[in-house]
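Reader: I've got a chain to look through and a few things I'd like to ask about it. Can you walk me through it, starting from the surface?

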Amino acid sequence: MSSAKHCLVAFALPLRQLLWAVELPAGATVAEALQQAQLQAVARGEAGEVPWDSNSLGIFGEPCRREDVPADGDRVEIYRPLINDPRASRRARVRRR
């Protein structure tokens with residue numbers, strides 16, 4: 001049995017998705033996955049586009065924290081801040097009607 005796991009770190013821009021495959025020790029956290037992905041992003045010239053300090057993170061669409069431990073094969077997602085609050089947008093649409 002291997003003591004390493006493989007995860008994918010993803011960040012989506014409006015017109016493209018950035019992906020970094022990382023290999024981590026079995027007990028590595030989301031924060032460690034992000035560190036490994038950031039090293040790859042720097043080497044590829046992509047680091048400036050990514051909010052590495054964001055606390056808006058998920059694993060396969062489920063919110064997670066930096067201290068969480070992803071499983072082998074998990075996709076760790078970094079989320080962009082919302083431009084518009086969906087609830088405020090909906091309230092504004094309702095008021096216009």
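Reader: What share of the area that the chain exposes do carbon and sulfur atoms supply?

Author: Keep in mind that this is a predicted model. The chain exposes about 6600 Å². Of that area, the part supplied by carbon and sulfur atoms is 53%.

Reader: And how far apart are the centres of the positive and negative side chains?

Author: There are 14 positive side chains and 12 negative ones. Take the centre of each set, and the two points lie 16 Å apart.

Reader: What pattern does the chain follow along the sequence?

Author: You'll find two helices and five strands in the chain. Reading along the sequence, they come in the pattern β-β-α-β-β-β-α.

Reader: Why is the chain called more spread out than a compact globule?

Author: The C-alpha trace spans about 60 × 30 × 20 Å along its principal axes. For 97 residues the globule rule gives 13 Å, and the chain is well over that, so it is more spread out than a compact globule: its radius of gyration is 16 Å.

Reader: OK, what percentage of the residues is buried, and which element gives the most to the largest nonpolar core?

Author: Buried residues come to 32% of the 97 in the chain. The largest nonpolar core has 22 residues, and Val 9, Trp 20, Trp 52 and Ile 78 touch the most other members. Elements giving two or more residues to this core are strand E1 (4–12), strand E2 (17–25), helix H1 (30–44), strand E3 (57–59) and strand E5 (75–78). With five residues, the one that gives the most is H1.

Reader: Val 9 and Leu 8 both interest me. Is Val 9 buried or exposed?

Author: Val 9 sits in strand E1. Beyond four places in sequence, its contacts include Trp 20, Ala 33, Leu 34, Ala 37 and Ile 78. The C-alpha atoms of Val 9 and Gln 36 are 9.1 Å apart, with their positions 27 residues apart in sequence. Its relative accessible area is 0%, and since under 20% counts as buried, Val 9 is buried.

Reader: Then what is the relative accessible area of Leu 8?

Author: Leu 8 is in strand E1 too. Setting aside residues up to four places away, Leu 8 touches Leu 19, Trp 20, Ala 21, Asp 74, Arg 75 and Val 76. Leu 8 counts as partly exposed, with a relative accessible area of 30%.

Reader: Which residues does Ile 78 touch, leaving out those up to four places away in sequence?

Author: Ile 78 is among the residues that touch the most other members of the core. Outside its own stretch of sequence, it touches Val 9, Ala 10, Phe 11, Leu 34, Val 50, Pro 51, Trp 52, Ser 54, Ser 56 and Leu 57.

Reader: Any backbone oddities? What is the phi of Phe 60?

Author: Most residues other than glycine have a negative phi. Phe 60 is found in the loop between E3 and strand E4 (62–64), and it's partly exposed at 45% relative accessible area. Though Phe 60 is not a glycine, its phi is positive, at about 50 degrees.

Reader: And which residues is Gly 61 in contact with, beyond four places in sequence?

Author: Gly 61 belongs to the loop between E3 and E4 and is partly exposed, at 46% relative accessibility. Gly 61 and Ile 78 are 17 residues apart in sequence, and their C-alpha atoms are 10.0 Å apart in space. The contacts of Gly 61 beyond its sequence neighbours are Glu 77 and Tyr 79.

Conventions:
Residues are numbered from 1 along each chain as its sequence is written. This is a predicted model: local features need pLDDT of at least 70, side-chain atom pairs count only at pLDDT 80 or more; totals for chains, interfaces and linings use all residues. Side-chain values use heavy atoms; hydrogens and water are left out. Helices (H or I, at least four residues) and strands (E, at least two) are DSSP runs, numbered from the N terminus. The radius of gyration is taken over C-alpha atoms; the globule rule is 2.2 Å times the number of residues to the power 0.38. Buried means under 20% relative accessible area, exposed over 50%, partly exposed in between (1.4 Å probe, protein chains only). Accessible areas come from the Shrake-Rupley method with a 1.4 Å probe; for residues, only the protein chains shown count as cover. Lys and Arg count as positive and Asp and Glu as negative; His and the chain ends are not counted. The place of a charge is taken as NZ of Lys, CZ of Arg, CG of Asp or CD of Glu. A nonpolar core is a set of buried Ala, Val, Leu, Ile, Met, Phe, Trp, Tyr and Cys residues joined through side-chain atoms within 4.5 Å. Contact means heavy atoms within 4.5 Å.
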